[in-house]
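Student: I would like a close look at one part of this protein, the place where its helices pack against one another and where aromatic rings meet. Could you take me through that part slowly?

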Amino acid sequence: RTIVSKLLLDTLNVHFLGSQAESKKCTEILEILISDIDTDPENRKESPLDRSIVSLLPSVCRSLELLRDDEDYLLLSVTCVLAISFMVTPKQFFDCCESLEPPKKTEFIKNLSEMVYWFVEGKTYPKNWFAMLMFQHRVSKRILALAGKVLDKRINDNWNDEETKMWISFFQATLAYLDSSVLKLETCSASKASTIKDDYGDMRLSVCAVVKAMWARIGKNQAVVVQSLVKDFLRCSLIDQKEISTLGIELYFSAMEREFTT
């Protein structure tokens, strides 16, 4: 069964980005395969199929574009992306990225970032699907952390246009996460805020740390992306949460200083 499933997954990787009809059928098959394994990263044992399933992540992310006009299949595809992203270990994610050619790796991180941005903008589940929205944000936080670790290992001084777009997309996704209406505890009722804190904590704070660290890491390349991000920094500074607003102010003045000295 393992051998047959692996062959099937390899076949899916070939056909996921074909026509919309192929993408739909591949999504159905992938959902069945994922439902047959335990995706909890804390309690599960690694399956021989894990590497093959994780290797589908770049294709599944791109297939979202093909399915955005079909609500039923779009939600099924989103569920598959979330399940894979939830189960993947840091090493599996890093190996998946390293298996891609540099242009494909750049495209993958950019697509992941755009996907997270799309998630936190509320383009998937209805607003009253609280549990699914919180799970989506929990997984999105994990995706940003994993992507940040991959990016941290490929800092260089000479970015081409695609790398610049990738970095802009990454920062825009992290900053949009900080401004997500779903996570604004300060605007929730006391009981809802208490429930979220008890179950999830303030998930924005760990993403704050990712933004701060990665902005510092890109150094002089800040000048390349600053014009595309200054509005996001200002929006971040207006969020009614001390750590986030302080970060926004620091990023904004850092951006102004970088632009002035370049």
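Tutor: What follows is a walk around helix 13 and its neighbours, then through a group of aromatic rings, and last to two other helices for context.

Please keep in mind throughout that this is a predicted model.

Helix 13 covers residues 242–261, and one of its partners is helix 11, residues 204–217; the axes of the two come within 10 Å and cross at roughly 15°. Since angles under 35 degrees count as roughly parallel, that crossing makes helix 11 roughly parallel to helix 13. The crossing of the pair is left-handed. From helix 11 the contact takes in Arg 204, Leu 205, Cys 208, Val 211, Lys 212 and Trp 215, while helix 13 contributes Glu 243, Ile 244, Leu 247, Glu 250, Leu 251, Ser 254 and Ala 255. Sorted by class, this contact of helix 11 with helix 13 holds 8 nonpolar residues, 1 polar residue and 4 charged residues.

Helix 12, residues 222–237, also packs on helix 13, here at an angle of about 150° and with the axes 8 Å apart. Because angles over 145 degrees count as roughly antiparallel, helix 12 is described as roughly antiparallel to helix 13. This crossing, too, is left-handed. On the side of helix 12 the contact includes Gln 222, Ala 223, Val 226, Val 230, Phe 233 and Leu 234, and among the residues of helix 13 that they meet are Ile 244, Gly 248, Ile 249, Leu 251, Tyr 252 and Ala 255. The contact of helix 12 with helix 13 is made up of 12 nonpolar, 6 polar and 2 charged residues.

Ile 249, which lies in helix 13, is partly exposed, with a relative accessible area of 41%. Its C-alpha atom is separated by 11 Å from that of Lys 231, and the two residues are 18 residues apart along the chain.

Two residues from these contacts, Trp 215 and Phe 233, also belong to a cluster that ring pairs build together with Trp 159, Trp 167, Phe 170 and Phe 171. The model has 11 aromatic pairs by the count used here. In one of them, the ring centres of Trp 159 and Trp 167 are 5.3 Å apart and the planes stand at 5°, so the pair is stacked. Trp 159 counts as buried at 14% relative accessibility, and Trp 167 is buried as well, with a relative accessible area of 1%. Phe 171 and Trp 215, by contrast, form an edge-to-face pair, because their planes stand at 80° while their ring centres are 5.6 Å apart. This pair links distant parts of the chain, for Phe 171 sits in helix 9, residues 161–178, and Trp 215 in helix 11, 44 residues apart. Both Phe 171 and Trp 215 are buried.

Turning to the other helices, the axes of helix 5, residues 71–87, and helix 7, residues 102–120, come within 13 Å and cross at roughly 120°, an angle that makes helix 5 oblique to helix 7. Leu 74, Val 78, Val 81 and Leu 82 of helix 5 meet Met 115, Trp 118 and Phe 119 of helix 7, and by class the contact has 7 nonpolar residues, with no polar and no charged ones. Helix 4, residues 57–67, is mostly covered, as 8 of its 11 residues are buried, including Leu 57, Val 60, Cys 61, Leu 64 and Leu 67.

Note on methods:
Residues are numbered from 1 along each chain as its sequence is written. This is a predicted model: local features need pLDDT of at least 70, side-chain atom pairs count only at pLDDT 80 or more; totals for chains, interfaces and linings use all residues. Side-chain values use heavy atoms; hydrogens and water are left out. Axes are lines fitted to C-alpha atoms, for helices over the stretch in contact, and angles run from 0 to 180 degrees between N-to-C directions. Helices (H or I, at least four residues) and strands (E, at least two) are DSSP runs, numbered from the N terminus. Angles under 35 degrees count as roughly parallel, over 145 as roughly antiparallel, 65 to 115 as roughly perpendicular and the rest as oblique. A crossing is left-handed if the near helix is turned anticlockwise from the far one by less than a right angle, and right-handed if clockwise. Contact means heavy atoms within 4.5 Å. Ala, Val, Leu, Ile, Met, Phe, Trp, Tyr, Cys and Pro count as nonpolar, Asp, Glu, Lys and Arg as charged, and the others, Gly among them, as polar. Rings of Phe, Tyr and Trp (its six-membered ring) pair if their centres lie within 6.5 Å; planes under 30 degrees apart count as stacked, over 60 as edge-to-face and the rest as tilted. Buried means under 20% relative accessible area, exposed over 50%, partly exposed in between (1.4 Å probe, protein chains only).
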